[in-house]
Amino acid sequence: MFEHISQRLQRTLSMMRGVVRVDEASLGEALRDLRMALLEADVNFGVVKDFLAVVGERAQGQEVLDSLSPGQQVVKIVHEEMVKLLGGARVSLRLEGATPHVVMLVGLQGAGKTTTAAKLGHRLRCSGHSPLLASVDVHRPAAREQLAQMATSASLQAFEGDGDDPVDLARQAVEAARLNGRDVVVLDTAGRLHLDGTMMDEAAALVEALNPGDVVYVADSLAGQDAVNTVSVFGGRLPLTGTVLTKLDGDARGGVAMSIVAVTGLPILYVGVGERFEDLEPFHPDRIASRILGMGDILTLIEKAQDAVDVEKTADMEKRLREATFTFEDFREQMRQMNKIGSISKLFEMLPMGRGIDSKVLAPAEDDMRRFSAIIDSMTAEERCHPQTIDGSRRRRIAKGSGTRVQDVNQLLKQFNTARKLMRKLGRQRGNPLDMMRSAGFGP
Amino acid sequence: MVGALGRSLSRTRARLSDALRHLVPSQKPDEETLEALEEALIAADVGPTTALRLVENLRQAPVDDESPPERLRAAMLETLAKSKTEGNGPPDGRPQVILLVGVNGSGKTTTAAKLGARYVAQGRSVIFGAADTFRAAGVEQLEVWGARLDVSVIAHQPGGDPAAVVYDTCEAGRSRGINVVLIDTAGRLHTKDNLMAELSKIHRAAAKVIEGAPDEVWLVLDATTGQNGLRQAEEFLQHAGVTGLILAKLDGSAKGGVALAIAETLDLPIRFVGTGEGIDNLAPFDAEAYVDGLLGEDQ
Ligand SMILES: Nc1nc2c(ncn2[C@@H]2O[C@H](COP(=O)(O)OP(=O)(O)OP(=O)(O)O)[C@@H](O)[C@H]2O)c(=O)[nH]1
Ligand SMILES: Nc1nc2c(ncn2[C@@H]2O[C@H](COP(=O)(O)OP(=O)(O)OP(=O)(O)O)[C@@H](O)[C@H]2O)c(=O)[nH]1
Ligand SMILES: [Mg+2]
Ligand SMILES: [Mg+2]
């Protein structure tokens, strides 16, 4: 259904790209589609209304009429306004107040607080802090055990206190941190409903007792329209300083990001992208904006690729590509770097057209990649540099060594030659190695 | 902004109930009423597409003695017609096997405990299978509940094969002559292929021990879930053969409207609702109350 609407939206917008001037009718249609897309993405309907009013006003003004490509401008305005709403500059934890600083996590049941506590601890340690994780969740069965186990797996310190009074436990934790020279206490609290007066009192008492520099609201990105209610009540009762959006590794559009920021003005500090303690990423308003709009997270892809690919090696490789001296050594290097980026399906998830691709389609491609790696590993250095020397008997040897069939080796050689030819053709353009590999038949 | 939105929400509600009151049979609803209805449905997470369609049906409806809101209620209740019972009922002469599945943190483990308590109270014997071998302290959490209820829990080492846990639990259930085998699985996002494939394996493991098992595969859905719930249900239905929904955390202010869209598109019944963290906070699904909630008539 998402696909359907974002397709429709893109169609309308691309139709508009062709017109010189936006008339009221086509703008109206774009805004109607936009409304549906935002609602499907779980942006709160009140927020959608306000937002579209702003966009409509801007789009109707001079900017659009003056432009040669009004449709493009609507896209730009929509994206810009969303990015503006979601917060311009990146913000991180404040870590204010007396040492040890207290970072307190609050939120609804099951939002991801405990997991996020471990993730933040890991991130803090990576940036030179010495955090202590402490759970004051005396309500949920095995909650403290959960944090302790996550701490162990992340090689972090977790506080183990006595008793079942949250405020008392929290005080003990801060004291323990002070004694052990730890500079941050990451405080995991029990999940609570905003409607639950007693539990909200408990959270307020914790704030009162500890005066935390950061009170982080942990929000589930799978949530729907009601997210604004919840966060408003939490924000009305507790001095929230920021929010972390969890479970963005799924395919939820994350419209709650827009809802929460519109209603509270809180900065989004990080996003959770998995269950492990490493799975926390900085928040990028422009990417979430694209995601909510359904344009695919192209930027994340580019950045990931840039992080992973060694720039110098790539430049060198590009030169060799142009000169068509690309060999299996280079090929292997490419694959190694692709592995750094992640699985092919993860890569495709981030592409707009990848969204429609059933990940089952990608599984064979990943199998191919694994098989190809094994085959290349079984080649001698000489063969990798001079693939043309690989004759029939060498092929049989390579197949045997890599546990594959001769057909597999043949297939790889064939695709490699196609790729080489293609690269020669593309020689003049700056090639994206991933695109090239895809055009050569690696991946769908 | 907070205030403004809150006001706009309550204004919508007020406008809606006002509009509903003024609607007398054989009168076509005015646009404002229809818009208010649409907004209420959207606010309840029914989703813009379903909301639009429901309201469009009202707009097209012939004028007769059924008032538009009545008509809307009736349409929604009809969609939920399958949700009148608590499930397929226990099989004869063998344990009933129930699998709980869902995305991370939706309420599976707690719901397993609540269901266990419910069946024990009905005089049926229960055994838990801790097939969440992945999440930190996932097993311990279920064990705490098991101890409180005096229900035994079959568990393996952390990181172990969940299908093996399921196999052993079914085996234990059968050999001990237990009535209900309740299996708690790890939370998983429906987009993760390997984890979804694991569910098929779990399914097969149960069937290997007890022919026809699992009898029920219930998708535990957090009532705060937005439109992504539909995708979740589609995938879990495909990979795990979901037979019904449990709407957890309905004690919050979210109305769980996406379950209506799911019930409609996938023809799945809603079996229970979770109404709190306590062991007793589980109730059979009440379609009337649920629909009232969706229409904002529950306050
Ligand atoms: N896929 C994914 N799962 C997550 C993420 N963050 C948390 N989880 C999972 O979500 C579930 C709930 O996470 P918890 O950290 O236990 O949530 P909580 O807010 O502490 O829950 P309560 O203490 O019960 O309120 C667990 O299964 C986590 O592994 C994320 O970013 N992605
Ligand atoms: N308010 C409320 N909280 C609930 C309800 N059901 C579960 N919870 C809480 O939601 C949180 C998550 O519940 P779990 O049962 O651990 O969820 P889960 O699906 O097993 O989570 P994972 O195994 O991590 O995927 C816990 O804090 C529960 O106490 C409910 O009906 N109402
Ligand atoms: Mg927790
Ligand atoms: Mg669980």
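Q: Is B:Glu235 buried or exposed?
A: This is a predicted model, in which local features need pLDDT of at least 70 and side-chain atom pairs count only at pLDDT 80 or more, while totals for chains, interfaces and linings use all residues. Residues are numbered from 1 along each chain as its sequence is written, chains are lettered from A and ligands numbered from 1 in the order in which they are written, and side-chain values use heavy atoms, without hydrogens or water. Buried means under 20% relative accessible area, exposed over 50%, and partly exposed in between (1.4 Å probe, protein chains only). Because its relative accessible area is 15%, B:Glu235 is buried.

Q: Which residue meets B:Glu235 in a salt bridge?
A: A salt bridge places a side-chain nitrogen of Lys or Arg within 4 Å of a carboxyl oxygen of Asp or Glu. The partner lies four residues away in helix 9 (residues 228–240) of chain B, so about one helical turn separates the two; helices are DSSP runs of H or I with at least four residues, and strands are runs of E with at least two, numbered from the N terminus. At 3.5 Å, N to O, the side chain that meets B:Glu235 is that of B:Arg231.

Q: Which residue of chain A pairs with B:Glu39?
A: B:Glu39 belongs to helix 2 (residues 31–43) of chain B, and its partner to helix 3 (residues 45–60) of chain A. B:Glu39 is buried because its relative accessibility is 12%. The salt bridge, at 2.8 Å from N to O, joins B:Glu39 to A:Lys49.
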